[in-house]
Amino acid sequence: MMDYFMDENGLESVYSWAIPVHAAVILAEMIYSHVSEAKLYDKKDVATSVYLALMNFGLDLLMKGFAMFVMFFFYNHRFFTWEFTIWYWLICFVVTDFAYYVLHYVDHHSRAFWAVHITHHNSEYFNLTTGFRSPVLQPLYRYLYFSPLAFLGFNPWHIMVVYAIGQVYGTWVHTQTVKSMGFLEYILVTPSHHRVHHACNIKYLDRNMGMCLIIWDKIFGTFEKEDPDVPVKYGIYPKMPNDRPDTVLLYEWRKIWKDIKQPGLKFSDRINYIFNSPGWRHDGTGKTVRQYQKDYWARKSKNKDQVQKKSA
């Protein structure tokens, strides 16, 4: 079975199995949504997700040769040579999942990368097709996060195969139909965890960055459990002015361009508008996610103290 995925055709092997399974599961969720009147799907929203997925796939194909060239450069200068045992594949999966966590963390904390990643978050719906709502420009730089793994001796084709398997799982957690996965909630990224990730509630922002394993979020302090007292609200804030394809794709880039064109800015301010945290402003009038959450928890603590004083 491993031989089926070990060569350069491994990616095609993963996708040949995944596509019909995805189609069946999505159809099942659509039927459930219709029968239960849950209104999980919107035709225009699904069309936008497909449009973004196709653009991402096209750029991925164009970048594939260059990306693999870079990764094999590191692989040819690798520190270690591994035997292709089950342990090799397990370790490859774990370190690739960690590399994705780092990539995802940067996508949320640096504005230029958030401008790429925002297309995955701007839907106000959350269903299995949201998993295809791709960050279109990510293939331009994604391989840089996996290249260090090639330097550690993991074959680039194998890295991309386990990443693709992770993507398949990562698509399935985009659902509201699965409420809990029991003890797996402690190990894996689950639909509950990922609903939190797609929320625009202040409490939930920039949380649960993992794709398959939730352990990275728990180790690095980015984990947040879904709170029944704080219903998830999907999308981004502020909302986009419209849902035209060009707006969905270029929304944050246009805002960045407007900010860096301000007259009288220092060069360092222009750089900060591109790469600092979303919400940063040179005059101190903006708020980053961390500042919003600091204020949120301060208000919660103050309200709790007031309630305790009244009940004393």
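In the predicted model, ring pairs join five phenylalanines into a cluster. Its members are Phe73, Phe74, Phe79, Phe80 and Phe151. Across the structure, the count of aromatic pairs comes to 22. One of these pairs is formed by Phe72 and Tyr75. Their ring centres lie 5.9 Å apart, and the planes meet at 85°. The arrangement is edge-to-face, because an angle over 60 degrees falls in that class.

Both residues of this pair belong to helix α2, which spans residues 43–75. Phe72 and Tyr75 are three residues apart in the helix, so about one helical turn separates them. Their exposure was also computed. Phe72 has a relative accessible area of 22% and is therefore partly exposed. Tyr75 is at 11% relative accessibility and so counts as buried. The cut-off for burial is under 20%.

Tyr75 has a further contact, with a charged side chain. The charged end of Arg78 sits over the Tyr75 ring, 4.2 Å from the ring centre. Tyr75 thus takes part in the edge-to-face pair with Phe72 and lies under the charge of Arg78. A charge is also placed over a ring at Phe223. Here the charged end of Lys218 lies 4.9 Å from the centre of the Phe223 ring.

An unreviewed UniProt entry annotates residues 89–222 as "domain: Fatty acid hydroxylase". In the model, this span is 50% helix and 0% strand. The C-alpha atoms at its two ends are 27 Å apart.

Technical notes: Residues are numbered from 1 along each chain as its sequence is written. This is a predicted model: local features need pLDDT of at least 70, side-chain atom pairs count only at pLDDT 80 or more; totals for chains, interfaces and linings use all residues. Side-chain values use heavy atoms; hydrogens and water are left out. Rings of Phe, Tyr and Trp (its six-membered ring) pair if their centres lie within 6.5 Å; planes under 30 degrees apart count as stacked, over 60 as edge-to-face and the rest as tilted. Helices (H or I, at least four residues) and strands (E, at least two) are DSSP runs, numbered from the N terminus. Buried means under 20% relative accessible area, exposed over 50%, partly exposed in between (1.4 Å probe, protein chains only). A charge sits over a ring if NZ of Lys or CZ of Arg is within 6 Å of the ring centre and within 35 degrees of the ring normal. UniProt positions are given in the numbering used here, feature names are shortened, and annotations may be inferred rather than shown by experiment.
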